[in-house]
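Let's take a walk through this protein together. Have the chain in view, and be ready to jump back and forth along it.

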Amino acid sequence: MAAYGDTNTKVKTFIHDASANEQDAAVGTMARDVQDYIAGLDDDNNVIISVSHCNLMGDRVLTMVVSGPYHIPAS
(Lines give C-alpha, C1' and ligand atoms only; values in the text may rest on other atoms or scores of the structure.)
Protein backbone atom coordinates (compact mmCIF):
# COMPACT_ATOMS: atom_id res chain seq x y z
CA MET A 1 0.00 0.00 0.00
CA ALA A 2 1.27 3.46 -0.82
CA ALA A 3 2.29 5.82 1.95
CA TYR A 4 -0.02 8.74 1.18
CA GLY A 5 -0.27 10.65 4.43
CA ASP A 6 -0.38 14.28 5.46
CA THR A 7 3.36 14.68 5.05
CA ASN A 8 3.66 12.76 1.78
CA THR A 9 0.88 14.11 -0.41
CA LYS A 10 0.63 17.67 -1.69
CA VAL A 11 -2.51 19.29 -3.11
CA LYS A 12 -2.40 22.70 -4.75
CA THR A 13 -5.39 24.52 -6.20
CA PHE A 14 -5.40 27.46 -8.57
CA ILE A 15 -8.25 29.68 -9.76
CA HIS A 16 -7.71 31.58 -12.99
CA ASP A 17 -9.66 33.10 -15.80
CA ALA A 18 -10.04 30.66 -18.69
CA SER A 19 -8.21 32.62 -21.36
CA ALA A 20 -5.70 30.67 -23.43
CA ASN A 21 -2.03 31.23 -22.64
CA GLU A 22 1.37 29.53 -22.71
CA GLN A 23 3.69 28.44 -19.90
CA ASP A 24 6.04 31.33 -20.65
CA ALA A 25 3.24 33.91 -20.29
CA ALA A 26 3.11 36.40 -17.42
CA VAL A 27 2.97 35.24 -13.80
CA GLY A 28 -0.67 35.03 -12.78
CA THR A 29 -1.82 33.18 -15.89
CA MET A 30 -3.02 29.60 -15.54
CA ALA A 31 -0.36 27.94 -17.70
CA ARG A 32 2.52 29.83 -16.08
CA ASP A 33 1.39 29.32 -12.48
CA VAL A 34 0.76 25.59 -12.93
CA GLN A 35 4.08 25.17 -14.77
CA ASP A 36 5.98 27.04 -12.04
CA TYR A 37 4.37 24.93 -9.31
CA ILE A 38 5.11 21.62 -11.05
CA ALA A 39 8.68 22.67 -11.87
CA GLY A 40 9.22 23.51 -8.18
CA LEU A 41 8.26 20.05 -6.92
CA ASP A 42 11.04 17.81 -5.64
CA ASP A 43 11.56 15.08 -8.26
CA ASP A 44 12.62 12.54 -5.64
CA ASN A 45 9.64 12.99 -3.34
CA ASN A 46 6.74 14.30 -5.41
CA VAL A 47 5.57 12.79 -8.66
CA ILE A 48 2.40 14.14 -10.25
CA ILE A 49 -0.54 11.91 -9.37
CA SER A 50 -3.22 13.95 -11.10
CA VAL A 51 -4.09 17.30 -12.60
CA SER A 52 -7.78 18.11 -12.86
CA HIS A 53 -9.87 21.09 -13.84
CA CYS A 54 -13.44 22.23 -13.45
CA ASN A 55 -15.15 25.37 -14.58
CA LEU A 56 -16.52 27.78 -12.02
CA MET A 57 -19.19 30.43 -12.46
CA GLY A 58 -18.40 32.77 -15.32
CA ASP A 59 -15.14 32.22 -17.16
CA ARG A 60 -13.02 31.02 -14.25
CA VAL A 61 -11.36 27.60 -13.98
CA LEU A 62 -10.21 25.73 -10.89
CA THR A 63 -7.10 23.57 -11.40
CA MET A 64 -6.01 21.03 -8.81
CA VAL A 65 -2.58 19.38 -8.85
CA VAL A 66 -2.02 16.37 -6.59
CA SER A 67 1.47 15.00 -6.07
CA GLY A 68 2.96 12.41 -3.81
CA PRO A 69 5.97 10.22 -3.20
CA TYR A 70 7.31 7.92 -5.86
CA HIS A 71 6.47 4.46 -4.56
CA ILE A 72 7.52 1.15 -6.07
CA PRO A 73 5.15 -1.58 -4.93
CA ALA A 74 6.75 -4.59 -3.27
CA SER A 75 6.87 -7.59 -5.60
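Find Asn-46 to begin with: setting aside neighbours within four places in sequence, Asn-46 is in contact with Asn-8, Lys-10, Leu-41, Ser-67 and Gly-68. You'll spot Asn-46 in the loop between α1 and β2. Is Asn-46 buried or exposed? With a relative accessible area of 10%, Asn-46 is buried, because anything under 20% goes by that name. Keep in mind that what you're looking at is a predicted model.

Now zoom out. The protein's secondary structure comes to one helix and three strands, and if you read from the N terminus on, the elements run β-α-β-β. Which order do the strands take once they sit in the sheet? They form an open sheet with the order β1-β3-β2, and the pairing is antiparallel. That puts β1 and β2 at the edges with a single partner strand each, so one side of each has no neighbour in the sheet. From one strand to the next, the twist averages 15°.

Take a look at how β1 and β3 are held side by side. Strand β3 covers residues 60–68 and runs antiparallel to β1, with eight bridges joining the two. One of the residue pairs to look for is Asp-17 with its bridge partner in β3, Arg-60.

Staying on β1, which spans residues 10–17, you'll come across Val-11. Not counting residues up to four places away in sequence, Val-11 touches Met-64, Val-65 and Val-66. Even with those contacts, Val-11 counts as exposed, because its relative accessible area is 51% and the cut-off is over 50%. You can also compare Val-11 with Val-51: they're 40 residues apart along the chain, and their C-alpha atoms are separated by 9.8 Å.

Next comes the helix. Helix α1, residues 30–39, lies across β1, β2 and β3, and runs at about 165° to β1. How many salt bridges does the structure hold? It holds one, and the side chains that meet there belong to Asp-36 and Arg-32, at 3.0 Å from N to O. Here's the general idea: side chains of opposite charge can pair when their charged atoms come close. Asp-36 and Arg-32 are four residues apart in helix α1, so about one helical turn separates them. Both ends of this pair are partly exposed: Asp-36 has 37% relative accessibility, and Arg-32 has 23%.

Over on strand β2, residues 47–55, you'll find Ile-48. Ile-48 is partly exposed, with a relative accessible area of 37%. Together with Ile-38 and Val-51, Ile-48 makes a nonpolar surface patch of about 200 Å². Ile-48 can be part of this patch because its 37% is over the 30% that patch residues need.

Finally, step back to the whole chain. Buried residues make up 23% of the 75 residues in the protein. The protein exposes about 5400 Å², and carbon and sulfur atoms supply 53% of that area. As for contacts between residues at least 6 apart in sequence, 49% of them join residues at least 24 apart. Asn-46, where you started, is one of the buried residues.

Key:
Residues numbered from 1 in each chain as written. Predicted model: local features only at pLDDT ≥ 70, side-chain atom pairs only at ≥ 80, totals over all residues. Heavy atoms only, no water. Patch = residues over 30% accessible without salt bridge, like charges linked within 9 Å, V, L, I, M, F, W, Y side chains within 5 Å. Areas by Shrake-Rupley, 256 points an atom, 1.4 Å probe, with all protein chains shown as cover. Salt bridge = Lys/Arg side-chain N within 4 Å of Asp/Glu carboxyl O. Buried < 20%, exposed > 50% of the residue type's maximum accessible area, 1.4 Å probe, protein only. Contact = heavy atoms within 4.5 Å. Pairing = 2+ DSSP bridges. Axes fitted to C-alpha atoms, helices over the stretch in contact; angles between N-to-C directions.
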